[in-house]
Amino acid sequence: QQITGMDSGTPCSVSGQGSPQLQVGGGNNAWVTSSTINPNFYINVRLTASTSFNTTHTATLTIGTGTDTIAVTSSANTSGGGRSIWRLRLSRYSSF
């Protein structure tokens, strides 16, 4: 997600379930739990889904004073021989 509407060097962090991490700028940049971000940079968030069926892990992304919640829900695929289907739900935002 491209982030706009804030000052240069704005702190950002992610916390919650599933060992969440963020990456500023994409590419080969490191996955961390906190960083700084500048206007028009992109931010990626990842977290691990639960190994239990139909269970949600949530993470909170904070940029400056704004927050957003990211949720990952696992669900059972009973017709697939016990395999899991992972559903990713991301809240959408354009600026903080």
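## A walk through an all-strand chain

Let us start with one residue: Q23 sits in strand β2. The model you are looking at is a predicted one, and Q23 is a friendly place to enter it. With a relative accessibility of 5%, Q23 counts as buried, because the cut-off for that word is under 20% relative accessible area. What does the side chain of Q23 reach? It reaches the backbone oxygen of N29 at 2.9 Å. A polar atom of the Q23 side chain also lies 3.2 Å from the backbone oxygen of G27. Leaving out residues up to four places away in sequence, Q23 touches N28, N29, A30, W31, Y42, I43 and N44. So a buried polar side chain has two backbone oxygens listed as partners, that of G27 and that of N29.

Now step back to the whole chain. How many helices and strands does the chain have? There are zero helices and seven strands, and from the N terminus the order of elements reads β-β-β-β-β-β-β. The chain has 96 residues, of which 32% count as buried. Its accessible surface comes to about 5700 Å², and carbon and sulfur atoms hold 45% of that surface. If we take contacts between residues at least 6 apart in sequence, 49% of them join residues at least 24 apart.

Before going further, a word on confidence. The mean pLDDT of the chain is 80, with 78% of the residues at 70 or more. Over residues 80-96, however, the pLDDT is below 50, although this stretch has 44 contacts in the model beyond near neighbours in sequence.

Next, the strand pairing, with β1 as our guide. β1 pairs with β3 in the antiparallel sense over four bridges, and in that region P11 stands opposite T36 in β3. β1 also pairs with β5, again in the antiparallel sense, over five bridges. Here G16 stands opposite A59 in β5. β1 thus has β3 as one antiparallel partner and β5 as another. As a reminder for tracing side chains, in a regular strand they alternate between the two faces of the sheet.

What lies in the interior? The largest nonpolar core has 15 residues, and the ones with the most contacts inside it are C12, L22, I37, I43 and I63. Elements giving two or more residues to this core are β1 (10-16), β2 (21-24), β5 (56-63) and β6 (66-76). Which element gives the largest share? That is β5, with three residues. C12 is a good residue to select in your viewer: not counting residues up to four places away in sequence, C12 touches L22, V24, T33, S34, S35, T36, I37, I43, T62 and I63. I43, one of the residues touched by C12, is also touched by Q23, where our walk began.

Another polar residue is worth a stop. H57 is placed in strand β5 and is buried, with a relative accessible area of 17%. A polar atom of the H57 side chain lies 2.7 Å from the backbone oxygen of T48. Setting aside neighbours within four places in sequence, H57 is in contact with Q17, G18, L47, T48, A49, S50, I70, A71 and V72.

Two residues from that list, A49 and V72, also appear together in another way. A49 belongs to the loop between β4 (43-46) and β5. Is A49 buried or exposed? A49 is buried, with a relative accessible area of 19%. A49 and V72 are 23 residues apart along the chain, yet their C-alpha atoms are separated by 5.7 Å.

Our last stop is the backbone of two other loops. Most residues other than glycine have a negative phi, so positive values are worth a look. S19 has a phi near 50 degrees, a positive value in a residue other than glycine. S19 is in the loop between β1 and β2 and is exposed, with a relative accessible area of 61%. N40 likewise has a positive phi, of about 70 degrees, although N40 is not a glycine. N40 lies in the loop between β3 (34-37) and β4, and at 45% relative accessibility N40 counts as partly exposed.

Conventions:
Residues numbered from 1 in each chain as written. Heavy atoms only, no water. Buried < 20%, exposed > 50% of the residue type's maximum accessible area, 1.4 Å probe, protein only. Contact = heavy atoms within 4.5 Å. Areas by Shrake-Rupley, 256 points an atom, 1.4 Å probe, with all protein chains shown as cover. Core = buried A, V, L, I, M, F, W, Y, C linked by side-chain atoms within 4.5 Å. Polar contact = N/O pair within 3.5 Å; in protein donor to acceptor, adjacent residues only side chain to side chain. pLDDT = per-residue confidence, 0-100. Pairing = 2+ DSSP bridges.
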